[in-house]
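Reader: Before I rely on any label in this model, I would like to see each one set against its cut-off. Could you take me through them?

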Amino acid sequence: MSCTFDLAHYRELLEAAKAGGYTCAFFDADPRPGDLLLRHDVDLSLEAALALAEVEAAEGVQATYFLMTQSVFYNLASPPGEAALEKLRALGHRVGLHALWPRAELDARFDPVVAWHNPDPPFMSEPVAGAANAMEQRFFQRDRYRSDSNQQWRSGCPHEELARGEFEWLQLLTHPEIWVYDGATMRESMDSMLAAEREARWRQLGKDRIDLS
Ligand SMILES: [Zn+2]
Ligand SMILES: [Zn+2]
């Protein structure tokens, strides 16, 4: 099995977790043995989030998608943003707030859970008033946490350990853009994403009654 960052291997990761006896859990209770907390920080692309969400739903698993209200890359208040929120819920996923420190303004769109975008150590794991913090100590322990940041696993792809049931429980943070768009490096994946977005922008311009003749 090759650990490529694509949807085929993401599916294999989910299969490995099932083989290892893990079940999906969320940020609404302390993790218990056998829990798998699938977390997605949606930094760049709602389209990528939806593509990954469909794969998970087809595999019968549920994740928590952390969406931004202050992103420079997407607008959650736009019609596609609202549709994305609705679709994630319809597929059975949870939605948390991917917040820009220090603003964590939760409204009815979100479950009471926050994950800071690009957090600095002093506040990363600090409690948040009225919500869980995905990085507070009860959810974030070094040997029970893996992340694909910038298309690199710091401690390796966890599929083998998952299949063998080696984690007591695991918080698995993945970024949808990395898995949905092709590329062997973060730069290549971003190039694929931007190419797709260029096409999408042309379609949006047409819909916005811009004369493209
Ligand atoms: Zn792997
Ligand atoms: Zn982020």
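Reader: How do you know that the sulfur of Cys24 is too far from the closest cysteine sulfur for a bond?

Author: A disulfide is a pair of cysteine sulfur atoms within 2.5 Å, and the closest cysteine sulfur to that of Cys24, in Cys157, is 16 Å away, so the distance is too great for a bond. By this rule the count comes to 0 disulfides. The model is a predicted one, in which local features need pLDDT of at least 70 and side-chain atom pairs count only at pLDDT 80 or more, while totals for chains, interfaces and linings use all residues. Residues are numbered from 1 along each chain as its sequence is written, chains are lettered from A and ligands numbered from 1 in the order in which they are written, and side-chain values use heavy atoms, with hydrogens and water left out.

Reader: Why is Cys24 called partly exposed?

Author: Buried means under 20% relative accessible area and exposed over 50%, with partly exposed in between (1.4 Å probe, protein chains only). Cys24 has a relative accessible area of 25%, and is therefore partly exposed; Cys3, at 35%, also counts as partly exposed.

Reader: What makes the arrangement around the zinc ion (ligand 1) tetrahedral?

Author: Donors are N, O and S atoms within 2.8 Å of the metal (3.2 Å for Na, K and Ca), and because water is not among the atoms, sites may look incomplete. The protein donors here are Cys3 (SG), His9 (NE2), Cys157 (SG) and His159 (ND1), which lie 2.0 to 2.3 Å from the zinc ion (ligand 1). Four donors count as tetrahedral if all angles lie between 85 and 135 degrees; the 4 donor atoms subtend angles of 103 to 114°, so the arrangement is tetrahedral. The ideal angle for four tetrahedral donors is 109.5 degrees.

Reader: Which residues supply the protein donors of the zinc ion (ligand 2), and what spacing do they have in sequence?

Author: The zinc ion (ligand 2) has Asp43 (OD), His98 (NE2) and His117 (ND1) as its protein donors, at 2.0 to 2.1 Å, and these residues are spaced D-x54-H-x18-H in sequence. His98 lies in strand β4 (residues 94-99) and His117 in the loop between β5 (113-116) and α4 (121-124), so the pair ties together parts that are 19 residues apart in sequence; helices (H or I, at least four residues) and strands (E, at least two) are DSSP runs, numbered from the N terminus. His98 and His117 are both buried.

Note on methods: Tetrahedral: all angles 85-135°; square planar, octahedral: opposite > 155°, others 65-115°.
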